[in-house]
Amino acid sequence: MPLPIYIVDAFTDRPFRGNPAGVCLLDEQISHELMQQIAAEMNQAETAFLLKIGDGNYNLRWFTPTNEVQMCGHATLASAHILWETRKENGSIRFQTRSGEMLAERERDLIILNFPSEFTTPVSNVTQFEEALRVKVSYVGDNRLYWLIELQSEQAIRDFSPDLAAISKLGRNGVVITAKSESEADDFASRFFGPNIGIPEDPVTGSAHCLLTPYWAKKLGKTEMLGYQASQRGGFIQVEFLGARVLLKGYAAIVLRGEILLG
């Protein structure tokens with residue numbers, strides 16, 4: 001039976017910017033193996049799989065081309081957008097995920113995701129990180145998802161050329177590099193590299209902002225901020241720190257509609 005599938009550009013209000021995600025709508029559960037095959041075929045950073053389990057309540061899983069992940073912000077935002085646009089959901093949407101329940105709401109076209117905050121533990125010996133990245137670092141934080149590494153300037157973020165083999169040897173699902181913004185338009189800049197999960201560089205990473213928001217809220221003394229992810233496509237995420245939770249805010253645009261044919 002064909003499965004409806006979409007590609008949605010997330011954290012942007014126009015096509016071909018932000019971060020593309022696959023969104024696959026299920027009427028019944030399919031196997032883990034089939035989800036992985038579909039995600040590999042879609043070849044997006046993440047493909048989301050949605051199965052309705054109640055009014056405004058969905059089971060949500062995320063897959064990169066190579067494996068399932070515990071959290072993904074942009075594919076969640078894309079999923080909410082698809083449900084509002086194609087399944088005519090009207091109110092809040094609750095997603096049941098490997099990282100707990102997540103809530104999506106909207107204010108007109110602005111989508112607001114309520115995610116758990118992710119905190120980091122300082123790493124005292126940063127030598128291996130400086131050797132892997134070939135840059136001086138100001139901070140390295142450990143987290144169950146990613147390494148969070150502050151560089152010494154936003155320019156260092158923009159100029160950074162990754163050695164993906166060296167980054168993969170650091171472990172974790174990814175490395176987030178960040179620095180305070182040198183612009184008055186936003187508060188901090190970042191980039192994300194996930195070679196261990198099949199993502200050389202992610203254009204705009206919602207889950208990374210679950211770490212970035214608490215980190216920069218403490219450093220800058222602010223609860224509401226604007227983050228810029230300085231990838232080639234680039235994208236902005238409005239964030240708000242609520243303590244145990246963070247709000248990630250952005251827009252989305254559908255760029256492709258189709259069906260997966262399973263034979």
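A disulfide is counted here when two cysteine sulfur atoms lie within 2.5 Å of each other. This is a predicted model, in which local features need pLDDT of at least 70 and side-chain atom pairs count only at pLDDT 80 or more, while totals for chains, interfaces and linings use all residues. Residues are numbered from 1 along each chain as its sequence is written, and side-chain values use heavy atoms, with hydrogens and water left out.

Let's start with the cysteines. Searching the whole structure turns up 0 disulfides. Two of the cysteines are set out below; buried means under 20% relative accessible area, with a 1.4 Å probe and protein chains only.

| Cysteine | Closest cysteine sulfur | Relative accessible area |
|---|---|---|
| Cys24 | Cys72, 15 Å | 0%, buried |
| Cys72 | Cys210, 10 Å | 3%, buried |

Cys24 makes no bond to Cys72 because their sulfurs are too far apart, at 15 Å.

Now for the interior. A nonpolar core is a set of buried Ala, Val, Leu, Ile, Met, Phe, Trp, Tyr and Cys residues joined through side-chain atoms within 4.5 Å. The largest one has 53 residues, and Leu50, Trp62, Phe95, Phe115 and Leu248 have the most contacts inside it. A second, separate core holds 19 residues, including Val140, Trp147, Ile149 and Ile157.

Key. Buried means under 20% relative accessible area, exposed over 50%, partly exposed in between (1.4 Å probe, protein chains only).
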